[in-house]
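Ready for a few short exercises? Take a look at the structure below, then work through each task before you read its solution.

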Amino acid sequence: MRKTPGLIVALDVKDLVAATKLVEQLRSAVTLFKVGVQLFTAEGPRAVEAVQKRGGQVFLDLKLHDIPNTVAAAVREAAKMGAVMCTLHASGGRQMLQAAKEAVTQSGSSMRLLAVTILTSLDPHGYEEAIGSGLGLQAHVIRLASLAREAGMDGIVASTHEIAPLRAAVGPSMLIVTPGVRPEWAPADDQLRVMTPREAAAAGADYIVIGRPITTAADPAAAARRVLAELPVVA
Ligand code: C5P
């Protein structure tokens, strides 16, 4: 039986002051925070340290995509910073993924590598225009997820509606981390196809990523607790 999914709060804010304030507000309820390209570009490793200093762990969502040597070097730095998870694009290819994996192994870190497949912001038309492999979007997502597994990645990032087919393709041991989660009481914002925390858990997510419903709430810790209370408790 699967475990209760973990909650990752996305710190999509512009600077360290805002990020620190949120972590302080949330620290009693949440332990895992996503630092993405906005905050990391603005503040760099200081953003990671700010979370860690307040007892939090960091999901470093940099979606790395470069030649194998460069990605391996970046992954080594992420591991050195003590991030517990880091993302990279599966479309960087087998060698890039394997080089990243080797960098983590050699660094002696337990940081998990999570692969992004096709950005869910691409609709079928945008996908054909930018990538268009002849495979089609859905099959391409599955192919990249399988490649990620073969190359030793620990998991994948997937939209809620991709969880079931991806779980079938990659098996039970790969972690599935999913954004696009909305409690019933929160607005969807710009997310088009959402699931509730409970639905995402039932679909097989290992971690759910939630930003605005928690970070823009009047009381972020209360909003986080409300999300946690909605998750099924599985022993
Ligand atoms: O505020 P919200 O809950 O929509 O934030 C979701 C987070 O997950 C954001 O950091 C967003 O960039 C990220 N994300 C997403 N959809 C994807 C991939 C990442 O919403 N397909």
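**Exercise 1.** How far does a polar side-chain atom of Arg212 lie from an oxygen atom of the ligand?

Solution. Keep in mind that this is a predicted model. Start at the side chain of Arg212: one of its polar atoms lies 2.7 Å from a ligand oxygen. A polar contact needs N or O atoms within 3.5 Å, so this pair makes the cut. Next, try Gln191, where a polar side-chain atom is 2.7 Å from an oxygen atom of the ligand. Then go to Asp12: an N or O atom of its side chain is also found 2.7 Å from a ligand oxygen. As for cover, the ligand taken alone exposes 460 Å², and the protein buries 78% of that.

**Exercise 2.** Find where the ligand sits, and describe what surrounds it.

Solution. First, the place: the ligand sits in the largest pocket. Second, the elements: strand E8 (207-210) and helix H10 (212-215) are the ones that give two or more residues to the shell around the ligand. Third, the residues: the ligand's surroundings include Ala10, Lys34, Thr120, Pro179 and Arg182. Last, sort the shell by type, and you get 5 nonpolar, 3 polar and 4 charged residues.

**Exercise 3.** Which parts does the salt bridge between Arg94 and Glu150 tie together?

Solution. Begin with the pair itself: the side chains of Arg94 and Glu150 meet in a salt bridge, 2.7 Å from N to O. Now place the partners: Arg94 is in helix H5 (residues 94-107) and Glu150 in helix H7 (residues 137-150), so the bridge links parts that are 56 residues apart in sequence. For the whole model, the count comes to 12 salt bridges.

How values were computed
Residues numbered from 1 in each chain as written. Predicted model: local features only at pLDDT ≥ 70, side-chain atom pairs only at ≥ 80, totals over all residues. Heavy atoms only, no water. Near = heavy atom within 4 Å. Polar contact = N/O pair within 3.5 Å; in protein donor to acceptor, adjacent residues only side chain to side chain. Areas by Shrake-Rupley, 256 points an atom, 1.4 Å probe, with all protein chains shown as cover. 1 Å grid on protein atoms, 1.4 Å probe; cavity = no way out; pocket = protein on both sides within 12 Å on 5 of 7 lines; lining within 4 Å. Sits in = over half its atoms within 2 Å of the grid points. Helix = DSSP H or I, 4+ residues; strand = E, 2+ residues; numbered from the N terminus. Nonpolar A, V, L, I, M, F, W, Y, C, P; charged D, E, K, R; others polar. Salt bridge = Lys/Arg side-chain N within 4 Å of Asp/Glu carboxyl O.
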